[in-house]
Amino acid sequence: MSNLNLSYNMLTSIGPIPRIPLNTIDLRSNNLQGSLPNLLPTLQYLFISNNNLKGEIPLSFCNLTSLKVLDLARNNLKGAFPQCLSTMTYLEVLDVQHNSLSGDLLTTFIFGSGLKSFNLHGNMVEGKIPRSLANCMQLEALDLGNNYQNDTFPMWLGTLSNLQVLSLRSNKLHGAVRTSTSLKLFPQLWMLDLSCNAFTAELPTSLFRNLKAMRRIDQTMKVPVDRTQRYYQDSVTVVTKGLELKVVGILSLYTTMDLSSNKFEGHIPSMMGDLIALRVLNLSHNGLQGPIPPSLGKLSVVESLDLSSNKLSGEIPKQLASLTSLAVLNLSRNHLEGCIPKGPQFDTFENNSYEGNDGLRGFPVSGGCGSHQIPETNNTTFVPDEESDLTFLSELSWKVVLMGYGCGLIIGFSISYFMLSSRKPNWLSRVAEDLEYRIIMRS
């Protein structure tokens with residue numbers, strides 16, 4: 001027997017491991033308790049993640065010189081990170097994420113190390129990021145997120161030409177993100193997560209210029225397969241579409257950039273539109289100002305775009321309406337104004353995508369916009385219809401007649417009273433005589 005696989009069961013304890021030269025032990029996803037067992041040095045693959053193991057990583061693991069994959073993730077291991085694990089020549093995967101390891105990462109990775117994946121996410125490690133990681137020339141995925149490391153941006157990691165995943169989220173990293181303009185850094189980087197730190201100054205355009213892998217969409221790309229990945233798949237925790245997700249095994253096909261919750265300021269550089277392979281872009285909760293660059297309309301495969309909680313101003317570029325893959329858009333809590341663009345995806349977004357921008361108009365914030373907008377005003381204009389017009393005229397007619405009859409009657413009585421009161425009604429007599437004469441002649 002060379003392979004022992006008891007994974008995905010309900011085992012609660014580890015008995016004596018058979019003293020035979022096992023190649024693989026897989027005890028993942030049980031309910032194992034206690035401490036890690038002693039193992040023979042012939043072991044190459046050890047999977048014991050997703051259990052309830054406690055205690056420290058035993059020093060006997062330093063004797064496992066043939067080890068290629070060590071997966072201790074999601075247990076309750078504590079203590080310091082063993083120095084000897086960084087000196088194993090054949091070790092390719094080291095996954096200790098979501099434990100309780102603490103102390104400074106005083107580890108020296110040897111030059112020529114075969115390490116491809118190092119995941120320390122979700123521990124309590126402090127201090128600086130060890131510069132000896134630059135000796136791991138085969139490193140493809142590095143996740144140091146959710147720790148307490150206090151350092152500046154590790155520009156020197158950019159010399160690792162195979163590095164595809166870099167997650168430093170939720171640490172105490174600070175200062176400006178500066179990279180060399182002469183060196184070609186991070187050429188294969190697909191996933192970059194610097195969120196929830198204290199990085200300052202403007203967004204690092206010098207870094208963006210070097211991200212060649214994010215500048216192309218390779219439709220023929222396939223997930224690489226080697227012997228190690230038959231047993232283990234890299235995973236990394238990302239925040240996408242407002243949810244924290246665990247991405248497994250497709251890291252080279254899922255391009256993301258998360259710079260949220262820092263102290264970046266200045267404008268969003270238009271060159272970010274050249275990173276056309278991005279599927280998730282999160283720049284929220286910073287101090288970014290100025291307009292949204294229309295060049296972001298070139299991100300043809302982007303699925304989630306979050307620019308919320310900044311100080312962005314101006315109108316929403318109409319070019320964003322052409323993003324047919326966009327499923328989540330958050331532009332809330334800025335100073336945007338003008339018309340919300342219309343498009344197949346924009347018509348699906350709700351108010352919470354735009355709230356906190358008092359100057360925005362159009363669906364779904366308000367009714368019309370632009371030439372189709374009906375302005376709201378307090379001055380109302382009465383436009384009568386045909387029925388109300390006829391009613392108005394009829395009422396006007398009888399009122400005018402009544403007023404004329406009354407005025408004529410009053411004037412007539414006044415004249416008669418004046419003539420009779422003067423006692424000289426001769427003119428009236430002449431009129432009567434003339435009228436009588438005409439009547440007689442006609443008879």
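Visitor: What order do the strands of the open sheet have, and what kind of pairing joins them?

Guide: The open sheet has 5 strands in the order 21-23-25-27-28, and the pairing is parallel. The model is a predicted one, in which local features need pLDDT of at least 70 and side-chain atom pairs count only at pLDDT 80 or more, while totals for chains, interfaces and linings use all residues. Residues are numbered from 1 along each chain as its sequence is written, and side-chain values use heavy atoms, with hydrogens and water left out.

Visitor: Why is one side of strand 21 and of strand 28 left without a neighbour in the sheet?

Guide: Strand 21 (265-267) and strand 28 (359-361) stand at the edges and have a single partner strand each, so one side of each has no neighbour in the sheet. From one strand to the next, the twist averages 25 degrees (angles run from 0 to 180 degrees between the N-to-C directions of lines fitted to C-alpha atoms).

Visitor: How do you know that strand 21 and strand 23 are paired?

Guide: Two strands pair if DSSP finds at least two bridges between them, a strand being a DSSP run of E of at least two residues. Strand 21 and strand 23 (residues 287-290) run parallel and are joined by 3 bridges, so they count as a pair. Within this pair, Gly266 stands opposite Leu288 of strand 23.

Visitor: Which strands pair with strand 7, and over how many bridges?

Guide: Strand 5 (residues 52-55) pairs with strand 7 in the parallel sense over 2 bridges, and strand 9 (residues 100-104) also pairs with strand 7 in the parallel sense over 2 bridges. Asn76 in strand 7 is the bridge partner of Lys54, whereas Lys78 stands opposite Ser100 in strand 9.

Visitor: What makes the side chains of strand 7 an alternating set?

Guide: In strand 7 (residues 76-79), Leu77 and Gly79 point to one face and are buried, while Asn76 and Lys78 point to the other face and are not; buried means under 20% relative accessible area with a 1.4 Å probe. By that cut-off, 45% of the 443 residues of the protein chain count as buried.

Visitor: How many cavities are there, and what lines the largest?

Guide: The structure holds 5 cavities of 30 Å³ or more, a cavity being a set of points on a 1 Å grid where a 1.4 Å probe fits but cannot get out. The largest has a volume of about 70 Å³, and its lining residues, which have an atom within 4 Å of a point, include Ile17, Arg19, Asn38 and Thr42.

Technical notes:
Helix = DSSP H or I, 4+ residues; strand = E, 2+ residues; numbered from the N terminus. 1 Å grid on protein atoms, 1.4 Å probe; cavity = no way out; pocket = protein on both sides within 12 Å on 5 of 7 lines; lining within 4 Å. Points joined across faces, edges and corners; volume = space filled by probe spheres on them. Buried < 20%, exposed > 50% of the residue type's maximum accessible area, 1.4 Å probe, protein only.
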